[in-house]
Each structure stands twice: as C-alpha cells, then as structure tokens.
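Visitor: I would like to learn how the words used for a protein model are earned, one term at a time. Could you take me through a few of them with care?

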Amino acid sequence: MPSYDPKNIFAKILRGELPSYKVYEDDKAFAFLDIMPRAPGHALVLPKAPARNVFDVSPDDFAHVMGVAQRVAKAAMKAFEADGVTLQQFNEGAGGQVVFHLHVHVIPRKTGVAMKPPAAEKEKPEVLARNAKKLAAAIAAG
Ligand code: AMP
C-alpha cells in the first residue's frame, strides 16, 4: 500500500492551508461539510493524525473518529430533520477512496430520497455556510 501523502487536500485543510466549512473539532478529530454533498448536511469526520485509510490508522484514532461520527449523526438527525443517516468509509481506489486521508462520511437521509452520485455537484457557498452553522450548533448542543 502507498504511504501517507501529506500533500492530500484534507491534510491541507487540517493544516489550515485550505478553507473548510468546519462543524466540529477536538484534539484528535476534525469534521467539516463535504463541498459536493450527496444530501444536504453531508459531513466528513477525520482523525487529525496522518492516516491514509483503515489500513494504517491507529485503532484508538479510528475508534475516536467513529465516536465523533456517531455524535455528528445524532446532531444531523435534528439539524436537518432527517429520517436516517448513512455512514460511509472508503479504502483505496478499489474501495471507492478518492482523497487519501481517512474520513467517515455522515450523510443525513430523507425517506424516499436517493443520494446524489459522489462528487456530482458543488454546493453553493451560502448553502454550505448555512448548513455548517446549523450542524455545528446541533453538535455543540448535543
Ligand atoms: P472519498 O475519498 O471517495 O470518500 O471522497 C472524497 C470526498 O471528499 C468526496 O465526497 C468529495 O466531494 C469530498 N471533497 C473533495 N474535496 C473537498 C473539499 N475541499 N472540501 C470538502 N469536501 C471535499
């Protein structure tokens, strides 16, 4: 398996070199909105420590990220009046991974509404800003 590449786009976001619509941060994890959401409120949860995917992440960091994903999922149910939440996590190209810093997708779902295809459409900045504010508030309350 290739080694971790610190030039990947999520590493740049974690270092503050690129902007993101942040919804949560603690000492070991960071969460922000996907800019090409598969449904409104689609968020990504990352470990801060470098990890390419499930194959090299430490079990402690992976467990922490899943705990944060659970917290984000519960908040997303309230913030977006969702009927359910889909969690996804892809590993290597063959597993559907495109960005090579481990991340968990948290996608709020409405009954009968299909997810958009991956990376189908870039959401408007004002919509992302509004949704990030709503989700961050629900996480903080949660
Ligand atoms: P994957 O590696 O298959 O889980 O997909 C990477 C995800 O990152 C896709 O859902 C993209 O829409 C999303 N994405 C790519 N660039 C950015 C970015 N700058 N900010 C937020 N999300 C992004």
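Guide: Let us begin with a hairpin, which joins strand 1 to strand 2 through 3 residues. Please keep in mind that this is a predicted model.

Visitor: How do you know that strand 1 and strand 2 pair?

Guide: Two strands pair if at least two bridges are found between them, and strand 1 (residues 22-25) and strand 2 have 3 bridges in the antiparallel sense, so they count as paired. Within this pairing, Tyr24 stands opposite Ala31 in strand 2.

Visitor: What makes strand 2 and strand 3 a pair?

Guide: The cut-off is again at least two bridges, and strand 2 and strand 3 (residues 43-47) pair over 5 bridges, in the antiparallel sense, so the term applies to them too. Here Leu33 stands opposite Ala43 in strand 3.

Visitor: Why is strand 2 called mostly covered?

Guide: A residue is buried when its relative accessible area is under 20%, and 5 of the 5 residues in strand 2 (residues 29-33) are buried, so the strand is described as mostly covered. Ala29, Ala31 and Leu33 point one way, while Phe30 and Phe32 point the other way. In a regular strand the side chains alternate between the two faces of the sheet.

Visitor: What makes the meeting of Lys22 and Glu25 a salt bridge?

Guide: The nitrogen and the carboxyl oxygen must lie within 4 Å of each other, and for the side chains of Lys22 and Glu25 the N to O distance is 2.6 Å, so the pair qualifies as a salt bridge.

Visitor: Why is Lys22 called partly exposed?

Guide: Partly exposed covers the range between under 20%, which is buried, and over 50%, which is exposed; because Lys22 has a relative accessibility of 42%, it belongs to that middle class. Glu25, with a relative accessible area of 38%, is likewise partly exposed.

Visitor: How do you know that Lys116 and Glu121 form a salt bridge?

Guide: Their side chains meet at 3.6 Å, N to O, and the limit is within 4 Å, so this pair also qualifies. Salt bridges that share partners also join Lys22, Glu25 and Lys48 into one network.

Visitor: Why is Asp61 said to have no salt bridge?

Guide: Asp61, in helix 2 (residues 59-79), is buried, and the nearest side chain of opposite charge, Lys28, is 5.1 Å away; a salt bridge has to be within 4 Å, so Asp61 has none.

Methods: Residues are numbered from 1 along each chain as its sequence is written. This is a predicted model: local features need pLDDT of at least 70, side-chain atom pairs count only at pLDDT 80 or more; totals for chains, interfaces and linings use all residues. Side-chain values use heavy atoms; hydrogens and water are left out. Helices (H or I, at least four residues) and strands (E, at least two) are DSSP runs, numbered from the N terminus. Buried means under 20% relative accessible area, exposed over 50%, partly exposed in between (1.4 Å probe, protein chains only). Lys and Arg count as positive and Asp and Glu as negative; His and the chain ends are not counted.
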